[in-house]
Amino acid sequence: MTTVAMPTLSLYERLGKRENIEAIVEDIVAAHMINPIVKARFLPYLEQGEKLAHTKSLLVEFLCAGSGGSEAYTGRDMPATHRGMNISETEYMAVMDDIMEVLAKHNIDEETQKDMLFIGYSLRKQIIAQ
Ligand code: HEM
């Protein structure tokens with residue numbers, strides 16, 4: 001029996017490239033704004049339009065660069081970004097829940113959702129209690 005190698009799409013492609021990643025980031029941030037566990041962390045940014053737009057563009061870059069896109073990430077590393085916030089495990093889980101719900105809503109396939117869960121989980125120690 002011959003096995004035929006299936007063409008493998010990068011995570012970037014499976015997320016729908018930059019255009020869809022931008023839509024995903026919009027929805028993730030919107031979800032954080034109404035998530036009772038973390039909304040207090042994010043609501044103040046609604047009054048700082050420029051700052052919010054910049055943080056969203058950094059999130060887009062982070063996801064694009066980290067998933068195999070050609071975009072460069074120009075933000076800070078994860079410990080530096082979240083330093084002084086003293087983020088709890090519960091808050092980290094709430095953010096991951098928002099991310100996973102948004103990916104499902106965007107009909108991202110299950111394998112890709114698992115990849116994102118793994119990446120998010122692997123970053124937890126750089127984000128919690130910094
Ligand atoms: C897997 C989980 C997470 C990832 C991948 C992530 C990623 C990022 C990235 C890429 C930025 C922009 C970097 C920069 O400003 O230079 C950022 C900013 C931020 N993150 Fe996270 N984050 C995560 C979890 C969390 C959690 C759990 C919280 C709080 C509940 C949080 C709160 C924030 C806040 C408030 C900012 C804006 C920082 C500022 O004021 O400049 N993040 N995050």
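The following legends describe close-up views of a predicted model with a bound ligand that contains iron.

**View 1. The iron atom of the ligand and His 82.** NE2 of His 82 lies 2.1 Å from the iron atom. His 82 is the only protein donor to this iron atom. The residue belongs to helix H5, which covers residues 78-82.

**View 2. Polar contacts to oxygen atoms of the ligand.** A side-chain N or O atom of Tyr 45 is 2.4 Å from an oxygen atom of the ligand. For Lys 51, the distance from a side-chain N or O atom to a ligand oxygen atom is 2.6 Å. The corresponding distance for Arg 76 is 2.7 Å. Tyr 45, Lys 51 and Arg 76 are among the residues that come nearest to the ligand, a group that also includes Tyr 73 and His 82.

**View 3. The shell of residues around the ligand.** The ligand takes up the space of the largest pocket. Around the ligand there are 22 residues, of which 15 are nonpolar, three polar and four charged. At least two residues of the shell come from each of helix H3 (39-42), helix H4 (49-67), H5 and helix H6 (89-105).

**View 4. The aromatic pair of Phe 62 and Tyr 73.** The structure contains one aromatic pair. The ring centres of Phe 62 and Tyr 73 are 5.2 Å apart and the ring planes meet at 75°, so the pair is edge-to-face; planes over 60 degrees apart count as such. Phe 62 is in helix H4 and Tyr 73 in the loop between H4 and H5, so that the pair, eleven residues apart, links distant parts of the chain. Tyr 73 is also one of the residues that come nearest to the ligand.

Definitions and conventions:
Residues are numbered from 1 along each chain as its sequence is written. This is a predicted model: local features need pLDDT of at least 70, side-chain atom pairs count only at pLDDT 80 or more; totals for chains, interfaces and linings use all residues. Side-chain values use heavy atoms; hydrogens and water are left out. Donors are N, O and S atoms within 2.8 Å of the metal (3.2 Å for Na, K and Ca); water is not among the atoms, so sites may look incomplete. Helices (H or I, at least four residues) and strands (E, at least two) are DSSP runs, numbered from the N terminus. A residue is near a molecule or strand if one of its heavy atoms lies within 4 Å of it. A polar contact is a pair of N or O atoms within 3.5 Å; within protein, one must be able to donate a hydrogen and the other to accept it, and residues adjacent in sequence count only if both atoms are side-chain atoms. On a 1 Å grid over the protein atoms alone, a cavity is a set of points where a 1.4 Å probe fits but cannot get out, and a pocket is an open set with protein on both sides within 12 Å along at least five of seven lines; lining residues have an atom within 4 Å of a point. A molecule sits in a cavity or pocket if more than half of its atoms lie within 2 Å of its grid points. Ala, Val, Leu, Ile, Met, Phe, Trp, Tyr, Cys and Pro count as nonpolar, Asp, Glu, Lys and Arg as charged, and the others, Gly among them, as polar. Rings of Phe, Tyr and Trp (its six-membered ring) pair if their centres lie within 6.5 Å; planes under 30 degrees apart count as stacked, over 60 as edge-to-face and the rest as tilted.
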